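Here's a quick briefing to read with the model open beside you. It goes through the sheet, then the pocket, then the aromatic pairs.

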Amino acid sequence: GLDFFSNMGINVQGSGASGRPYTKEQKPQRYSGTGIGGAINGARLPWSFGVDLRIDKSFRIGGNEGANPLFANVYLRIENVFDTRNVIGVYSASGSAYDDGFLVTPDGQSSIQTLIDSGREDDVDNYLISYQWGELNPDFYTLPRRMYLGASLQF
């Protein structure tokens, strides 16, 4: 006599997008770039994919057959089910979400050489590590998996 799947729903939503355009810059600077390196909006970000899920079930919690019944709808919503890390932004000079390209330029090499010339060779590794921390930009990626548990009353 128990019909578990009555008044229940499952929704799956998939989305995919081709890379959005951006304008590539010519010369890498610290965490940015200067000068246009090609056509305006001539470069593309990578493709992105995502899957969202919602499972819900309604329960009758009040009212008799003739009156207006009261229902509770309990749901679980999961965004980014597969926890994909889609790139949605890049450093415009390098085209990478991980590296701005500055350290391989003559200016970047000069900043490292300055540490070496001043007798602080031991600080080079610390400089490189802290520079990489500065390059980490969470706005360049989609949000991780998020789960919501909720309820709504229907009367």
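Two strands count as paired here if DSSP finds at least two bridges between them. On that basis, this predicted model has an open sheet of four strands, in the order β1-β6-β7-β8 and with antiparallel pairing. Besides the sheet, there's a pocket of about 210 Å³ to look at, plus five aromatic pairs.

**The sheet**

- β1 (8–17) and β8 (146–154) sit at the edges; each has a single partner strand, so one side of each is left without a neighbour in the sheet.
- On average, neighbouring strands in this sheet are turned by 15° against each other, ignoring direction.
- In the β6–β7 pairing, residues 48–62 and residues 70–79 run antiparallel and share nine bridges.
- If you want a spot to zoom in on, try L53, which stands opposite I78 in β7.

**The largest pocket**

- The largest pocket comes out at about 210 Å³ in volume.
- It has 15 lining residues, and G50, D52, N80, N86 and T142 are the ones closest to its centre.
- β6 gives the largest share of the lining, with four residues, and β1 and β6 each supply at least two.
- Sorted by class, the lining holds eight polar, four nonpolar and three charged residues.

**Aromatic pair Y98–Y141**

- Of the five aromatic pairs, one is Y98 with Y141: a tilted pair, 6.0 Å centre to centre, with 45° between the planes.
- This pair ties together distant parts of the chain, 43 residues apart: Y98 belongs to the loop between β7 and α1 (106–117), and Y141 to the loop between α2 (122–135) and β8.
- Buried or exposed? Y98 has 54% relative accessibility, so it counts as exposed, the cut-off being over 50%.
- Y141 has a relative accessible area of 11%, which is under 20%, so this residue is buried.

**Aromatic pair Y127–Y131 and its cluster**

- Y127 and Y131 also make a tilted pair, at 6.2 Å centre to centre and 35° between the planes.
- Both belong to helix α2, and because they are four residues apart there, about one helical turn separates them.
- Y127 counts as buried at 18% relative accessibility, and Y131 does too, at 3%.
- Which residues make up the cluster linked by ring pairs? They are F102, Y127 and Y131.

Key. Residues are numbered from 1 along each chain as its sequence is written. This is a predicted model: local features need pLDDT of at least 70, side-chain atom pairs count only at pLDDT 80 or more; totals for chains, interfaces and linings use all residues. Side-chain values use heavy atoms; hydrogens and water are left out. Axes are lines fitted to C-alpha atoms, for helices over the stretch in contact, and angles run from 0 to 180 degrees between N-to-C directions. On a 1 Å grid over the protein atoms alone, a cavity is a set of points where a 1.4 Å probe fits but cannot get out, and a pocket is an open set with protein on both sides within 12 Å along at least five of seven lines; lining residues have an atom within 4 Å of a point. Grid points are joined across faces, edges and corners, and a volume is the space filled by probe spheres set on the points. Ala, Val, Leu, Ile, Met, Phe, Trp, Tyr, Cys and Pro count as nonpolar, Asp, Glu, Lys and Arg as charged, and the others, Gly among them, as polar. Rings of Phe, Tyr and Trp (its six-membered ring) pair if their centres lie within 6.5 Å; planes under 30 degrees apart count as stacked, over 60 as edge-to-face and the rest as tilted. Buried means under 20% relative accessible area, exposed over 50%, partly exposed in between (1.4 Å probe, protein chains only).
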